[in-house]
Amino acid sequence: MEQNNEQILLTGKLDQAKSKAQINADIKQLQKNINALYLDTGLDQKTTDSFGKRLKEQLKQAAGSFKQWLSPASATSALIKQMKTAITGLKEVNTLLTKIGNTNANLSQSDLSRLAARAFDMSGKTGSKPSDYLSGVQDALLKGYKNAEEIAELSLNAQNAFHMTSGQANSYINAMDKAYQLGGSIKELTDILDGSGSIAGRYTLDMAQLSEGMSAASSAAYGLNVDAGKTTAALATMMNTLRLGGQDTAQAFRTILSYTGQTANADLGIDASGLAAYEQACNRLNVSLRETKDGVLSLRDPMEVLGELSVIYNRLQEGDARKTGLLSAVGGGSDAAHLDALLSHWQDYENMLRLYEQSSGSMAKAAQNTADSWEGSLNRLAGTWESTIGNLVDDESVVTAINALNGLLSVVEHVTDALGPIGSVGLFAGLFSGFKNTGRDVMLSLS
């Protein structure tokens, strides 16, 4: 029995020795692959030293985030996954740069290289992927923006702040710009995003739904001189009261504005007789849709009219013929329910409008919170990996680098399995603190 135990212990020690030998072999192979990456991509020592420093900082930051959100084992799993994702990210970056170059003949190779550098810089600042920024640039260029890079940055901030997709953010920005004829003004677009985002956050509304409603209603609102703040507050009031989506609310608001602004709309089924019936219903509430200025009779501001209506409307008893008459005048059904919600909750509308006007800088703050999260840290880490590649416009260079990274990461997985999560994170930082310095200690503390 004792002999069997000794044999088991001896076998265990041999297996342990083999395991250590395998780890050392894997580490040496990992170092060779790192050096291959150095040689194949033609990076100079200054660049790689800088990359090593930045990678270590990103790993340290990511590790700090992991302590709050993940166990060590799942942290390393996420880390490895993000490193592998970086390879796909490189292909996306290269593809996007190629598309941007092909559709904008006035952009030189140096312009594209600068765009790539800007994409990695934005990844570091916002915690987004480099390809997210380039997708925004491409979208803005296709829509004719001369300040496409600023529009793309604004879109990234909106995505981070409000958890919107790139498509949702891009569409919202473009719709607001066109509807209110802002000419791509970053300040005015930021004001709209600040205001609408603050309202959505305070009243737990889905920002994507609110932006969808704004996109659908803003042109009609602008045509009647209803600005973005008032439109946002009105839509949000009705959405918050009825808990309906942006499209339904936008259509109802367009109907309310058309009747109040006395504008016929065949698409909404509003004709001259319907407009006359609505005006009579308002007159019965002692609210006029028109006023005389400088001897000229003209229509009043629709939101001022609705504000006056709300005061009288909320004093009336349920079932009062004047109240039901007003609701019937907008066609009843969903449109009447939305009008009732807006007038009955006019105080909410005014509160939201004040919040909108006092929300400057709120989007930037919310976006930074997302950038500082563990997901943002991982995205920055991926961006650091991708930014090691030299000329991203050169397909051949990208393919060589991707092959080198693929070989490197296959060994990383073996080492991770053997060393465990904490040792592996330390290993990565140590290896990349100097690309060609294979003789120095491999383990390096992140603390």
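Helices here are DSSP runs of H or I with at least four residues, numbered from the N terminus. The model under discussion is a predicted one, and this account follows helix α7 through its surroundings, beginning with a cavity and then turning to two neighbouring helices.

The structure contains 2 cavities of 30 Å³ or more, and the second largest of them has a volume of about 50 Å³. Helix α5, which spans 130-142, and helix α7 each contribute at least two residues to the lining of this second largest cavity. The residues that line the second largest cavity are G136, D139, A140, K143, Y145, I151, N170, I173 and N174. Sorted by class, the lining of the second largest cavity is made up of 4 nonpolar, 3 polar and 2 charged residues.

Helix α7, which covers residues 166-179, also packs against helix α9, which covers residues 207-223, and there the two axes lie 9 Å apart at an angle of about 20°. Because angles under 35 degrees count as roughly parallel, that angle makes α7 roughly parallel to α9. The crossing in which α7 passes α9 is left-handed. On the α7 side, the residues in this contact are Q168, S171, Y172, A175, M176 and A179, and they meet M207, A208, S211, M214, S215, S218, S219 and Y222 on the α9 side. Taken together, the residues of the contact between α7 and α9 comprise 8 nonpolar and 6 polar ones, with no charged residue among them.

The packing of α7 with helix α8, formed by residues 186-202, has an angle of about 120°, and the axes of these two helices are 10 Å apart. Angles from 65 to 115 degrees count as roughly perpendicular and those over 145 as roughly antiparallel, and α7 and α8 are therefore oblique to each other. In this case α7 passes α8 in a right-handed crossing. The residues Y172, I173, M176 and D177 of α7 meet L189, I192, L193 and S196 of α8. By class, this contact of α7 with α8 holds 6 nonpolar residues, 1 polar residue and 1 charged residue.

Some residues of α7 appear in more than one of these settings. Y172 and M176 take part in the contact with α9, and Y172 and M176 also take part in the contact with α8. I173, for its part, is one of the residues that line the second largest cavity, and I173 also belongs to the α7 side of the contact with α8.

Note on methods. Residues are numbered from 1 along each chain as its sequence is written. This is a predicted model: local features need pLDDT of at least 70, side-chain atom pairs count only at pLDDT 80 or more; totals for chains, interfaces and linings use all residues. Side-chain values use heavy atoms; hydrogens and water are left out. Axes are lines fitted to C-alpha atoms, for helices over the stretch in contact, and angles run from 0 to 180 degrees between N-to-C directions. A crossing is left-handed if the near helix is turned anticlockwise from the far one by less than a right angle, and right-handed if clockwise. Contact means heavy atoms within 4.5 Å. Ala, Val, Leu, Ile, Met, Phe, Trp, Tyr, Cys and Pro count as nonpolar, Asp, Glu, Lys and Arg as charged, and the others, Gly among them, as polar. On a 1 Å grid over the protein atoms alone, a cavity is a set of points where a 1.4 Å probe fits but cannot get out, and a pocket is an open set with protein on both sides within 12 Å along at least five of seven lines; lining residues have an atom within 4 Å of a point. Grid points are joined across faces, edges and corners, and a volume is the space filled by probe spheres set on the points.
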